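Trainee: I'd like to learn how to read the inside of a protein model. Could we go through one together?

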Amino acid sequence: MTVSIDDALAVDAVAGLWADPPTLPTKWLYDERGSLLFDEITRVPEYYPTRRETAILRAGSADIAAVTDAAMMVEFGSGTSTKTRLLLRAFAERASSAGRPFTYVPLDVSTEILESSSAELALDYPDIGVEPMVADFTSPDLTLPAAAGPRIAVFLGGTIGNFDVAERAAFLRTLADALAPGDYFLLGADLIKDTGRLVAAYNDKAGVTADFNRNMIEVLRTGLDAQGLYVDDFDHIARWNPARHRIEMWLRARRDIDVYFAALDRRWRLPRGADVLTEISTKFDPGDLADELAAAGLDVVKSWTDDAGDFQVTLSRR
Ligand SMILES: C[S@@+](CC[C@H](N)C(=O)[O-])C[C@H]1O[C@@H](n2cnc3c(N)ncnc32)[C@H](O)[C@@H]1O
C-alpha cells in the first residue's frame, strides 16, 4: 500500500508529538515554502556550508567525473540542485565527448521544488536525461534505476547530519545494498568546528532559519487540520549538543499550547517553555566518517576539504 504524504504526516505526528521530547522528522520542514526558505538560508552570511561545498565541487567536479566515468547520477535530497550543476556540467562534457548518454535522477520529498528545478535543468542541459523521483530516501525499500554504466549516488549539503547514529548506519547500509559493485557514492559532510560559528549558522541574524524552523508548525496546521496551532506561538532555538557533536533545532512554546488535530481526532498539549525537536545536524570528524562508510561496505577513493577545513566531500566506491 502506498502511504499518501498527509497519511505519512499523520503517522509521524502520532509517533512523535506525544513522545518525550516531542519531535517530528526533519523532512516535514520541506514543503514548498520550507524548500524556498532553505534555499534562502544557503545565501545568508552565517551559513558557510553551501559556500564551502560549492568551492570543493568547483575544484573537484572534473576529477569526480573522470574517476567515476558514471553513466547516471542519483542525488538524494536534491532540492534546487544548485551546486549539482557543477557536477552535471562535468559529467555532461565527459559523456558527450565519449558519445554516450548521461542521466540525472534528482530525488526529493519536496514535489514542487523537484518539478520546477528538474524542468529548468532539462532546458539548461539538453544533452542530459533528467528523470526526477519523488521519494523518501529513508525508505528501507530504496531502489535505484538501472544504468548502462557505473552509477554515482550523491548526497550533498551535509544532509547526512540529519540522521542520528543508528539512522545513519541504516541509511548507508540500505544505500550500499542498492548500489552494485563498482558504483560510487559522493558524500558532502560538515566538520566539527568552533561552536560559535556552528550555532550562528543555524540562527542567522536575518531570521531566515527561524522562519524555516517555525514553518513546520504551518505544515502541521494545514496537513492535519489543526485548530489552536499558530506559528507565532513558537520560538526558534538552535543549540550545540557537545556529547553528540550536533546542532539541534527546537521549537519552544511561548505559551501553553492546546491544539485539536481534526485529522487525527486528538488533542495535543504542550506547556509554555517546552521544546519540540525538529532537526539535528551532526558535525563529523573525517576519520569517523571514513570508518562509517567502510562499515557499510563503501571504500573511500578520495576526499576533498575546503581551504578553511570546514567541510568535506568524500568519494567512496561500493
Ligand atoms: C539540507 S537540504 C539540502 C538541499 C541540497 N541538496 C543542498 O545541498 O543544498 C535537504 C534536502 O533533502 C530533502 N529531504 C529531506 N528529508 C528527505 C527525505 N526523507 N527523503 C527525501 N528527501 C528529503 C529536502 O526536501 C531538501 O531538499
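Mentor: Happily! Let's begin with a term: a nonpolar core is a set of buried Ala, Val, Leu, Ile, Met, Phe, Trp, Tyr and Cys residues joined through side-chain atoms within 4.5 Å. Keep in mind that this model is predicted.

Trainee: Which residues have the most contacts inside the largest nonpolar core?

Mentor: In soluble globular proteins, nonpolar side chains tend to be buried together. Here the largest core holds 40 residues, and L220, L229, F234, F261 and W268 have the most contacts inside it. Elements giving two or more residues to this core include α1 (5–16), α7 (195–201) and β8 (234–241). Helix α8 gives the most, with 6 residues.

Trainee: What does L220 touch, leaving aside residues up to four places away in sequence?

Mentor: Its partners are L9, A13, L17, L24, D225, A226, L229 and F261. There is also a second, separate core of 28 residues, with A70, L88, F102 and L315 among them.

Trainee: How should I read one helix, say α2: which of its residues are buried?

Mentor: An α-helix has 3.6 residues a turn, so residues three or four places apart point the same way. In α2 (residues 32–41), the buried residues are G34, S35, L37, D39 and I41. They pack against α5 (111–124) and α8 (208–223).

Trainee: And what about the chain overall?

Mentor: Of its 318 residues, 52% count as buried. The radius of gyration is 20 Å, which agrees with the value near 20 Å for a compact globule with 318 residues. The chain has 9 helices and 14 strands.

Methods:
Residues are numbered from 1 along each chain as its sequence is written. This is a predicted model: local features need pLDDT of at least 70, side-chain atom pairs count only at pLDDT 80 or more; totals for chains, interfaces and linings use all residues. Side-chain values use heavy atoms; hydrogens and water are left out. Helices (H or I, at least four residues) and strands (E, at least two) are DSSP runs, numbered from the N terminus. The radius of gyration is taken over C-alpha atoms; the globule rule is 2.2 Å times the number of residues to the power 0.38. Buried means under 20% relative accessible area, exposed over 50%, partly exposed in between (1.4 Å probe, protein chains only). Contact means heavy atoms within 4.5 Å.
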